[in-house]
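Student: I have a chain to go through before the bench meeting. Can we take it by question and answer?

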Amino acid sequence: MGSRQSRSKYVIVQAGPLHWIDKDRSFDPGVELDKSFADELDCPVADSLVMALRRTFSLTYPTKPFVEGMAEAITEIRRIGTEVLVEMPEVLGELALKPIPRPLVDSRTPKGELFLFYLAKTSDLRITVKHENRKRSLLNLIGHMPADVLIRTLRTVVSDSFTEMHDEYEHRAVLRSMRSKVWAVLPAYNEVLREIEAEPIAEIVAEESDEPTEDV
């Protein structure tokens, strides 16, 4: 995963490298540690954030016709977005975004989670580590991408799902708006999508219609 300079408060980083840094800030790729830098950070998982936006994009093309199908798609978009954002209240607070209330009844079944990426606070990663007998900036050493834009987009999409809609035109307009917002940011993260085995998204080109050139 490539590195991008950013003033983003949060970045997406590969989980592995953070587990290779010991308490003395030595960076040894592949070394298994009982306690690592990752344990100190307690980062949210980023895979679910990216996947929620990818699923949102697909759901803006509902498989069922008419208002009923579009309403179901919008409800599902709200559900998957809420499920991700409710787990990161501190992140939303840092970005001055309204928190997502946790459902009074949580019907999810607890399960083990496999993941490849963390959502880490940029300031926490601005440290120096020792690697190959040299002192290196951790952010320069590991791949990272800005994450604020993804968090803000998902939070906006969840808010949009509560828009008052009365007819097919209004439901379709909300779905198109959601699609446009996700499409504006997510193609830049196609490398992450491929890593988590999700379908990448075609980038928008000038004078292109709002229909992507790939399967949704």
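**Strand, helices, hairpin and pocket**

Tutor: Ile12 lies in strand β1 (residues 10–14). Keep in mind that this is a predicted model.

Student: Is Ile12 buried or exposed?

Tutor: Buried means under 20% relative accessible area. Ile12 has a relative accessibility of 0%, so Ile12 counts as buried.

Student: How far is the C-alpha atom of Ile12 from that of Ala46?

Tutor: Along the chain, Ile12 and Ala46 are 34 residues apart. In space, the separation of their C-alpha atoms is 6.5 Å.

Student: What pattern of helices and strands does the chain follow?

Tutor: The chain contains 9 helices and 5 strands. Read along the sequence, the pattern is β-α-α-α-α-α-β-β-β-α-β-α-α-α.

Student: What share of the contacts between residues at least 6 apart in sequence joins residues at least 24 apart?

Tutor: Contact here means heavy atoms within 4.5 Å. Among contacts between residues at least 6 apart in sequence, the share that joins residues at least 24 apart is 72%.

Student: Which residues does Asp47 touch, not counting those up to four places away in sequence?

Tutor: Asp47 belongs to helix α3 (residues 47–59). With a relative accessibility of 10%, under the 20% limit, Asp47 counts as buried. Not counting residues up to four places away, those touched by Asp47 are Phe115, Leu116, Phe117 and Ile196.

Student: And Ala73: which residues is Ala73 in contact with, leaving aside neighbours within four places in sequence?

Tutor: Ala73 sits in helix α4 (residues 66–85). Its relative accessible area is 6%, so Ala73 is buried. The C-alpha atom of Ala73 is 9.6 Å from that of Ser161, 88 residues apart along the chain. Leaving aside neighbours within four places, the contacts of Ala73 are Leu59, Pro62 and Leu175.

Student: Which residue in β4 stands opposite Val129?

Tutor: Strand β3 (residues 128–131) pairs with strand β4 (residues 134–137) in the antiparallel sense, over 4 bridges. Opposite Val129, in β4, stands Arg136.

Student: Which residue in the hairpin of β3 and β4 takes a positive phi?

Tutor: The hairpin has 2 residues between its strands. The residue in question lies in the loop between β3 and β4 and is not a glycine, although its phi is about 55°. At 64% relative accessibility, over the 50% limit, it counts as exposed. The residue is Glu132.

Student: Is Ala96 buried or exposed?

Tutor: Ala96 is found in the loop between α5 and β2. Its phi is near 60°, a positive value in a residue other than glycine. The relative accessibility of Ala96 is 71%, and exposed means over 50%, so Ala96 counts as exposed.

Student: Which residues are the closest to the centre of the second largest pocket?

Tutor: The second largest pocket has a volume of about 250 Å³. It is lined by 14 residues, and the closest to its centre are Leu41, Asp42, Pro44, Glu90 and Val91.

Student: How many residues of that lining are charged?

Tutor: Two elements, α5 (89–94) and β2 (117–121), each supply at least two residues of the lining of the second largest pocket. By class, the lining has 9 nonpolar residues and no polar ones. The number of charged residues is 5.

Student: Finally, what percentage of the residues of the chain count as buried?

Tutor: The accessible surface of the chain comes to about 12400 Å², with 50% of it belonging to carbon and sulfur atoms. The chain has 216 residues, and the percentage that count as buried is 44%.

Terms used: Residues numbered from 1 in each chain as written. Predicted model: local features only at pLDDT ≥ 70, side-chain atom pairs only at ≥ 80, totals over all residues. Heavy atoms only, no water. 1 Å grid on protein atoms, 1.4 Å probe; cavity = no way out; pocket = protein on both sides within 12 Å on 5 of 7 lines; lining within 4 Å. Points joined across faces, edges and corners; volume = space filled by probe spheres on them. Nonpolar A, V, L, I, M, F, W, Y, C, P; charged D, E, K, R; others polar. Buried < 20%, exposed > 50% of the residue type's maximum accessible area, 1.4 Å probe, protein only. Areas by Shrake-Rupley, 256 points an atom, 1.4 Å probe, with all protein chains shown as cover. Pairing = 2+ DSSP bridges.
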